[in-house]
2 protein chains.
Amino acid sequence: MSKTAVSFAFNNPDRLSSETATRIREVADSLGYRPHPVARLLTQRQTMTLGVLTPQALAVIFSNPFFALFSEGVAHAAEDLGYELHFISPRNGSLALAMRRATVDGVVAIGLSGDHPEVEQIRGSGLPMVLVDSEDLPEHSSVVVDDEGGARAAAEHVAGLGHRDILVVAVERPDASSAREPGTPDGVADRRLRGYRAGLAASDIDVGPEWIVAGRASIDGGESAFQRAWAFGLRPSAVLAMSDAMAIGSMRAARQLGLRIPDDVSIVGFDDIDLAALVDPALTTVHQPIRQKGIDAVRLLLTEMELRAGNQPEHLRLETRLIVRGSTGPAPRERQEVRRLE
Amino acid sequence: MSKTAVSFAFNNPDRLSSETATRIREVADSLGYRPHPVARLLTQRQTMTLGVLTPQALAVIFSNPFFALFSEGVAHAAEDLGYELHFISPRNGSLALAMRRATVDGVVAIGLSGDHPEVEQIRGSGLPMVLVDSEDLPEHSSVVVDDEGGARAAAEHVAGLGHRDILVVAVERPDASSAREPGTPDGVADRRLRGYRAGLAASDIDVGPEWIVAGRASIDGGESAFQRAWAFGLRPSAVLAMSDAMAIGSMRAARQLGLRIPDDVSIVGFDDIDLAALVDPALTTVHQPIRQKGIDAVRLLLTEMELRAGNQPEHLRLETRLIVRGSTGPAPRERQEVRRLE
DNA sequence: AGGTTTCGCTAAACCGGTTTTCTAAACCGG
DNA sequence: CCGGTTTAGAAAACCGGTTTAGCGAAACCT
């Protein structure tokens, strides 16, 4: 049998007598033969695989509930369309290298900011790409959420409750040189900080630099951030945390110091991951449609892949909203008194 | 320039004058050219990618903290060794088809039981493969945990606290025909149930079939399972749940019925995901080294890939252990009285 | 100066399939 | 019985690289 016949038997059985086709497949089965998947990709010119580009190592990604939820959205949309998923993380520290090697038809890049050291190389790869949580590459479509608006709502909420001494727990910028460090993409922290500032400024509250502490975007990171602030002598009555994990860590730290929540300290998170509603007291937080971001990103990516030439990139901005739960309450009375006397 | 020269410029610059090599790369850059990743795979005969075979859809996988933690382990080990990750889930409902098409060097199969309808085809694919949570394909290496022992310890714990009316909240078998259904792999539920039975039998407690309720392995699944049992008229003083998520769901359902935990109802989970320590009261549960399973699976897979011929498969069994936290306590007094009177 | 290395690059084979083109035999109606 | 059409399968081109073998020119050696 010629290899043509074998190929037909697998992909185009109509071009063979049904008898020969079955015979070929039987022989193939008994020999344990399968068409080499890579070779067929070469001619088919598409892999039916989408890449998820993450600036951090996969081991970090998967331990982050935020990414899990985002991936769920991406997976949902991709699977519906028959695409598989391939995760692209820095290879030997280089994202651009990993991307060059990636056998995918398109890429969803999460948190790829314009000041990433390799952004130019990534840009030049020619692969269809959609950015999530960044709009820094305007030639590519993007999906962002209203970080600033959400943060402002959070800040206005605590200001409205009478809080004046407000600690901002920020996610630290992942050090670009050590890709293994966790953290939230760069621009996000900036936008949220701007939102906090705007929301507090409306009540004439200014956030001094010592009232901003940063840490890894994890429960432990939030815990130690709060502890550092306390040790520094700060006595916040409210905490604005840039991630739910950090908010929960701050809650834990506050409890260990004997503070009650929300009686002594109010705490607001960001993201609204599943966990936020499960802790006690349930966390007041800014909801963002994480899963939906993944779905929309894939949708935009497929548009970009289809109309390869001269298509207008689309820039999507999804809403955030404050969800008030049990972790925030009025500022303690005596503190308001103290302030008044000062 | 010949394409040979271009190839050398990228992979083997020493064979070109350094001047030509840089020139070629510059031109390539300016033209936005990158070597076709698929074509190079074809000659290199390895993809440097490992597959993670999951019997359920990816959208389901990523919403499951258990899988997230397992993937974290796999990713950690794979990345250290320079491998990337490709998730293989049923394609058009067929796992075997997805696997035939997968461009990977080896596969970690999670929860692939011997009675999976396509197991024979998967078996015949010839790809190096390691099984996790199943030992049904003895020719492949495997990693399992002592489910039965852990379940027995959990059962002995509640029996020792004086509980007699014990509800088992089981993970339902995912329907093989509809791969989109969530749930825990088949064999696992059986093993855990055996363990529960053994542990309770030691205290002469028999679990009747009406005391076993099944549901999806999620918080919602656990919640509705407990509600169903209650509506059926069962009044358990303790719950043995086969997953932490279901345990937490049962906690929620019990609370809504006005029951206190652990005063009125004790609850035990399984897995010891992060969340288990964070809920209030903290969940008593059976710890299993989920992350380690992923790491070990990759390690075994690489051995299997290296010594392709005539190697002995290795079968690893990791320990489980009961972690007693706040969700379990002594059986309510009055109920013990009632029993004594009967 | 003549022969041997080394250097810098290219031609050709190969990876393992798919797809297009082609050929030989079977089939068909008149 | 004959020319034209189907049909079954094979041959060849192609996908886009890598790798081996080869070749001419320059450099090296005695």
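Reader: Let's start in the sheet of chain A. In β7(A), which residue is the bridge partner of Val168(A)?
Author: This is a predicted model, so take the pairing as computed. Strand β6 (residues 166–171) of chain A runs parallel to β7(A), and four bridges hold the pair. In that pairing, Val168(A) has as its bridge partner in β7(A) Ile212(A).

Reader: And along β7(A), which residues point to one face and are buried?
Author: The side chains alternate along this strand, residues 212–215 of chain A. Ile212(A) and Ala214(A) point to the other face and are not buried. The buried face gets Val213(A) and Gly215(A).

Reader: Moving along, which residue in β10(A) stands opposite Gly269(A)?
Author: Strand β9 (residues 266–271) and strand β10 (residues 284–287), both of chain A, run parallel and are joined by four bridges. Within β10(A), the residue opposite Gly269(A) is Thr285(A).

Reader: β10(A) also pairs with β12(A); is that parallel or antiparallel, and what is the bridge partner of Val286(A) there?
Author: Strand β12 covers residues 321–323 of chain A, and three bridges link it to β10(A) in the antiparallel sense. The partner of Val286(A) in β12(A) is Leu322(A).

Reader: Over to chain B. Why does the length of α10(B) look right for a helix?
Author: Helix α10 of chain B has 13 residues, 219–231, and at 1.5 Å a residue it should span 18 Å. The C-alpha atoms at its ends are in agreement with that, since they lie apart by 18 Å.

Reader: What do the buried residues of α10(B) pack against?
Author: The buried set in this helix is Ile219(B), Gly221(B), Gly222(B), Glu223(B), Ala225(B), Phe226(B) and Ala229(B). After the helix comes Gly233(B), with a positive phi near 105°. As for packing, the buried residues of α10(B) sit against four elements of chain B: β6 (166–171), β7 (212–215), β8 (238–241) and α11 (244–256).

Reader: How many residues does the largest nonpolar core have?
Author: In soluble globular proteins, nonpolar side chains tend to be buried together. Val169(B) is among the residues with the most contacts inside this core. Leaving out residues up to four places away in sequence, Val169(B) touches residues including Gly222(B), Ala225(B) and Phe226(B), as well as Val239(B) and Leu240(B). The core's residue count is 177.

Reader: Now the protein interface: which element gives the most to the side of chain A that touches chain B?
Author: Contact involves 35 residues of chain A and 36 of chain B. On the chain A side, α3 (37–44), α4 (58–61), α5 (65–80), β2 (84–88), α6 (95–101) and α12 (274–278) each supply at least two residues. By class, that side divides into 17 nonpolar, 11 polar and seven charged. With six residues, the biggest giver is α5(A).

Reader: β2 pairs across the chains too, so what is the bridge partner of Phe87(A) in β2(B)?
Author: β2(A) and strand β2 (residues 84–88) of chain B are antiparallel, with three bridges between them. Facing Phe87(A) in β2(B) is Leu85(B).

Reader: Last one, on the DNA: which element gives the most to the surface near DNA strand D?
Author: Strand D is surrounded by 21 residues, the closest being Ser2(A), Thr20(A), Ser7(B), His36(B) and Ala39(B). Two or more residues come from each of α1 (3–11) and α3 of chain A, and α1 (3–11) and α3 (37–44) of chain B. That surface has eight nonpolar, 10 polar and three charged residues. Giving the most, with five residues, is α1(B).

Conventions. Residues are numbered from 1 along each chain as its sequence is written. Chains are lettered from A and ligands numbered from 1 in the order in which they are written. This is a predicted model: local features need pLDDT of at least 70, side-chain atom pairs count only at pLDDT 80 or more; totals for chains, interfaces and linings use all residues. Two residues are in contact if their C-beta atoms, placed from the backbone, lie within 7 Å. Ala, Val, Leu, Ile, Met, Phe, Trp, Tyr, Cys and Pro count as nonpolar, Asp, Glu, Lys and Arg as charged, and the others, Gly among them, as polar. Two strands pair if DSSP finds at least two bridges between them. A residue is near a molecule or strand if its C-beta atom, placed from the backbone, lies within 6 Å of it. The expected span of a helix is 1.5 Å times one less than its number of residues. A residue is buried if 20 or more other C-beta atoms lie within 10 Å of its own, exposed if 12 or fewer, and partly exposed in between; C-beta atoms are placed from the backbone. A nonpolar core is a set of buried Ala, Val, Leu, Ile, Met, Phe, Trp, Tyr and Cys residues joined through C-beta atoms within 7 Å.
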